[in-house]
Amino acid sequence: MPSPRLLIGLPLLASPLAVAAWLWLTLLSPWTYERPDHLAPIGEGPHALFVYGTLTHAPVRWLVYGRTGEPTAATLEGYRRTGLDLTPSPGDRVDGLRLTVSADELARLDRYERLGVRYRRVRVTLSDGDDVWVYRRLLSH
């Protein structure tokens with residue numbers, strides 16, 4: 001019969017491994033996302049991107065595209081954050097980060113956001129006048 005320490009230790013060891021496997025499968029795995037054919041190809045970088053959710057956290061950026069980058073604080077005026085999306089809202093603003101990424105990194109971010117499946121990538125103008133990409137939820141029907 002296994003010792004009580006082994007019975008307690010196995011779940012504690014398995015939990016981080018399960019989380020790591022889930023993160024790899026959902027964020028990086030080539031088997032869980034295929035870029036839809038109708039999406040335009042990604043042009044050469046660099047690409048400017050505004051992020052306002054999980055991608056504001058350095059460890060998430062590192063997991064998704066392999067580095068934390070050098071983000072700068074940014075503000076998107078005329079929108080408010082509604083759950084996982086942005087909603088046009090005159091007079092409101094969303095604070096986030098401006099990232100500069102390569103075409104390959106943008107492709108990894110598209111995979112993370114499930115471009116064409118869960119999100120679309122659109123151009124917006126930040127309060128400083130810079131045009132950037134931002135991910136917006138696809139409307140469900």
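1. Start with Leu109 in this predicted model. Setting aside its neighbours within four places in sequence, you'll find Leu109 in contact with Leu49, Leu55, Val64, Tyr65, Val101 and Tyr135.

2. Now step back to the core around it. The largest nonpolar core holds 29 residues, and the ones that touch the most other members are Phe50 and Leu109. Two or more residues come from each of strand 1 (47-51), helix 2 (58-65), strand 2, strand 3, helix 3 (103-113), strand 4 (119-125) and strand 5 (131-137). Which of these gives the most to this core? That's strand 3, with five residues.

3. Next, have a look at helix 2. Arg61, Val64 and Tyr65 are buried there. Viewed down the axis of helix 2, the buried residues fall within an arc of 70°, so they line one face of the helix. Swing round to the other side of helix 2 and you meet Pro59 and Trp62, which are exposed. Two of those buried residues should ring a bell: Val64 and Tyr65 are among the contacts of Leu109.

4. Don't skip the spot just after helix 2. Gly66 sits there, with a positive phi of about 90°.

5. Finally, trace strand 2 (residues 72-82) and strand 3 (residues 85-101). They run antiparallel and are joined by 10 bridges. To find one pairing yourself, pick Arg80: its bridge partner in strand 3 is Thr87.

6. How many residues lie between strand 2 and strand 3 in their hairpin? There are two, and Gly83 in the turn has a positive phi of about 60°.

Methods:
Residues numbered from 1 in each chain as written. Predicted model: local features only at pLDDT ≥ 70, side-chain atom pairs only at ≥ 80, totals over all residues. Heavy atoms only, no water. Pairing = 2+ DSSP bridges. Helix = DSSP H or I, 4+ residues; strand = E, 2+ residues; numbered from the N terminus. Core = buried A, V, L, I, M, F, W, Y, C linked by side-chain atoms within 4.5 Å. Buried < 20%, exposed > 50% of the residue type's maximum accessible area, 1.4 Å probe, protein only. Contact = heavy atoms within 4.5 Å. Arc of directions from axis to C-beta.
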